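User: I am new to reading protein models. Could you take me through some features, giving the general idea and then the case here?

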Amino acid sequence: MKTRARLPRLVATGATLALALSLSACGDGNGGASSDDGKIHVLVYGDASNKIEQQIVDTFNKTSDVKAVLDTIPGADYQTKLQTIINTPQAPDIFYNWGGGSIKPFVKADLLLPLDDFIKKDPGLKDKFLPSVFNSAVVDGKPYGIPMRGTQPVLLFHNKKVLEDAGVQPPKTWDELLAAVGKLKDAGVTPIALGGGDVWPTQMWFQYLYDRIAGPELFAKAIGGDKSAWESADSKKALDMISELVDSGAFGKNYDSVKYTNGGSVQLVASGKAGFELMGSWYYSQQLTDHKEFAEKDLGYTAFPTVEGGKGDPGNVAGNPNNYYSVMKKTKHPEAAAEFLKLMYSDEFVKAHLDIGNLPTTTNTDKFIDSSATPEYTRFQYDLVSDAPNFQLSWDQAYPQKASSDMHKAIQQFFNGQLDTDGFIKAMQALPTE
Amino acid sequence: MTTHLTSARPAAGPRKESRRRPPASSATTVGRPSFAWAVPAALFFALFAIVPLIMVAVLSFMSWDGISSPEFVGMDNWSRLIDDPVMLKSIWLTLLLTVLGVVLQTPLSILLGVWAAGHQRNRAVLSVIYFIPLLLSATAVSVLWRALLDPNFGIPAEVTWLFGDGNLFGEQSTAIGVLAFVSTWQFTPFHTLIYQGAARAVPQVLYQAAEIDGAGRYRQFFHITLPQLRTSMITSMILMIVGGLTTFETVLILTQGGPGTDTTISAYYMYDKAFKSFDYGIGSAIALALVVAATIISLIVVRVSGYDKMRSSMEGVS
């Protein structure tokens with residue numbers, strides 16, 4: 001089968017890392033000296049947005065004595081590598097993260113600098129950002145992150161032509177969505193495309209339904225450590241509604257074999273084989289890249305439908321409020337870091353991001369939207385996010401990173417019927433919350 | 001994580017090779033390797049295999065998330081592992097996939113290997129084509145098949161009489177089938193190569209004698225070729241078993257252990273615990289258990305097959 005034994009190498013890599021880490025941990029403990037080369041290192045997730053980050057770094061370096069250096073790690077490896085270096089001398093000064101649970105363990109290990117002092121000196125570091133977004137990086141009452149990219153609310157996208165042919169209007173309520181599912185099925189298309197093979201797209205249905213039915217409090221309670229939240233009547237109601245939707249054939253039968261990341265579900269909608277897809281706002285540019293003509297002509301979008309009798313505000317959104325820069329406690333140049341972060345609400349920053357289709361979450365974004373590449377779509381998102389009473393961070397990012405694998409398993413298993421309601425509740429209760 | 005694990009591949013042939021000594025040159029020891037020759041390799045092995053293995057063993061008694069300092073927890077990880085239904089399931093799945101690999105690949109690669117050892121027309125060209133899957137990395141192969149097996153736009157969408165609704169990755173039986181198939185597709189060429197070499201080494205005189213005795217092609221195959229391939233078969237099967245026990249990338253890319261935990265084999269479970277759930281203690285325990293299991297199984301195979309006696313298949317021939 002395999003020609004070589006992989007395990008020893010896997011073990012060796014793991015243990016060598018362990019060796020390196022424990023040695024360095026012994027060497028300098030937590031607050032130890034990082035190698036100071038008179039620069040601040042900014043570590044980011046490697047993707048298309050890097051060119052703007054480089055531009056910001058260049059701008060910063062023009063006026064600053066302490067120079068900034070941009071380091072990137074290709075996307076899929078980011079979280080693992082960050083976790084590996086964060087407590088070593090190789091740790092960056094400033095790094096990219098998802099706020100919430102993704103930085104909680106670092107805060108707990110006393111690695112991050114609370115940004116209160118920065119904000120005291122320059123209130124703009126807080127006031128110039130949309131509050132619902134800024135708050136996603138507040139841990140234990142203290143701010144630990146400054147929004148540094150675009151917001152990514154999850155929207156319900158659709159193929160206008162498919163809906164039209166089936167005589168369906170974009171749904172505003174859950175009942176309308178159920179009715180639309182029936183009609184689309186009769187028309188012979190998969191009502192809703194879902195990349196279940198990646199699991200996180202499946203999770204989006206959970207996030208929104210829980211928020212609409214129970215309000216954000218339920219999830220806040222659960223992640224705060226009160227696991228009884230998962231047993232509540234609202235939680236069970238949300239699960240029932242998910243089951244009902246799946247059983248009605250809304251997602252077809254093979255969603256677990258479809259992936260978003262290899263373009264499978266994207267193509268389902270673009271080719272007219274499916275009506276809807278629930279996805280983050282990056283979906284628009286994804287379709288634009290993969291299926292330009294469709295994206296320009298027939299791609300529609302709405303907010304997630306309202307659920308009658310639900311406790312959650314219908315204006316709430318879910319997704320990734322933004323990504324954040326956090327500052328390491330042991331940085332040698334906190335003043336320079338503070339100066340660097342101020343660029344995150346500059347006009348230059350906002351314009352540059354709008355140009356590549358990102359939507360920054362600063363209060364000055366508004367005045368540049370109309371001159372952006374896709375003003376209508378950008379405006380829709382901006383209004384949605386700035387009017388939202390609550391922005392629910394994706395569950396797998398809100399929980400500590402170590403919970404995400406087990407969470408994904410539970411979500412996939414409940415969705416395809418391997419777990420019943422009680423089984424799902426138990427699995428969610430078993431997740432670590434800190 | 002995975003990419004650099006898979007890309008850095010030293011050119012490793014069958015490992016048993018190193019045991020074989022070159023034939024002793026007559027009367028003189030000039031040019032014969034002394035122990036000193038083994039020092040660099042031994043140092044390397046100690047540094048990158050033995051030391052990490054010991055550290056993993058130590059780590060398996062600790063609780064560590066990679067950030068805070070490791071904490072000694074005694075047998076905690078091990079008792080958790082013993083009570084963990086997913087661990088038990090993963091051992092089952094690992095064995096199942098290993099057996100499937102041996103059962104599927106052995107007959108295929110013997111037939112192909114023996115055929116490729118002959119002198120047919122176009123044989124060389126076809127052999128090269130058969131060999132191609134081995135040249136691709138397991139990662140590339142897995143990405144390729146994941147795309148080819150897309151239920152709506154891949155092969156299943158065209159061949160509906162065979163694949164039904166195409167939900168290959170959504171059910172345990174079909175997901176395992178896909179994993180076994182993809183591994184077979186990739187590694188049969190390698191084993192074919194072993195059998196091709198072995199089949200070429202079978203002395204022609206045996207076939208000539210058989211022909212004189214009036215044995216047909218099938219008799220020749222079952223009574224000469226197959227017995228002569230015995231040692232190669234053992235080499236090939238050991239490689240298949242060790243490879244099967246440590247299958248990783250195909251699962252990582254094709255199924256991520258899913259649906260649920262239905263294809264979570266032990267090596268993937270270790271990765272899941274150590275590198276996704278940041279629980280290095282229990283990950284180390286799984287790794288160590290795997291090392292022990294793989295060693296025992298390899299030893300059993302070597303012992304049972306008589307491979308350790310190094311009997312020559314040429315006995316009684318020349």
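Analyst: What follows covers chain B in outline, then a helix, the nonpolar cores and a glycine in a loop. This is a predicted model, in which local features need pLDDT of at least 70 and side-chain atom pairs count only at pLDDT 80 or more, while totals for chains, interfaces and linings use all residues. Residues are numbered from 1 along each chain as its sequence is written, chains are lettered from A and ligands numbered from 1 in the order in which they are written, and side-chain values use heavy atoms, with hydrogens and water left out.

User: How many helices and strands are there in chain B?

Analyst: Helices (H or I, at least four residues) and strands (E, at least two) are DSSP runs, numbered from the N terminus. Chain B has 15 helices and two strands. Buried means under 20% relative accessible area, exposed over 50%, and partly exposed in between (1.4 Å probe, protein chains only). Of the 318 residues of chain B, 46% count as buried.

User: Which residues of helix H11 of chain A are buried, and where do they lie on the helix?

Analyst: In H11 (residues 216-223) of chain A, the buried residues are A:Pro216, A:Leu218, A:Phe219, A:Ala222 and A:Ile223. Seen down the axis of H11(A), they fall within an arc of 160°, so they line one face of the helix. The arc is that of the directions from the helix axis to the C-beta atoms. Contact means heavy atoms within 4.5 Å. The elements that the buried residues of H11(A) pack against include helix H10 (200-214) and helix H12 (233-247) of chain A. Just after H11(A), A:Gly225 has a positive phi of about 110°.

User: What is a nonpolar core, and which residues touch the most other members of the largest one?

Analyst: In soluble globular proteins, nonpolar side chains tend to be buried together. A nonpolar core is a set of buried Ala, Val, Leu, Ile, Met, Phe, Trp, Tyr and Cys residues joined through side-chain atoms within 4.5 Å. The largest has 141 residues, and those touching the most other members are A:Phe95, A:Trp205, A:Phe206, A:Phe251, A:Phe340 and A:Met344. H10(A) supplies its largest share, eight residues. Apart from this core lies another of 28 residues, among them B:Tyr271 and B:Phe278.

User: Where is A:Gly310, and which residues does A:Gly310 contact?

Analyst: A:Gly310 sits in the loop between strand E10 (299-302) and strand E11 (317-320) of chain A. With 24% relative accessibility, A:Gly310 counts as partly exposed. Leaving aside neighbours within four places in sequence, A:Gly310 is in contact with A:Arg212 and A:Ile213. The C-alpha atoms of A:Gly310 and A:Ile213 are separated by 4.0 Å, although the two residues are 97 residues apart along the chain.
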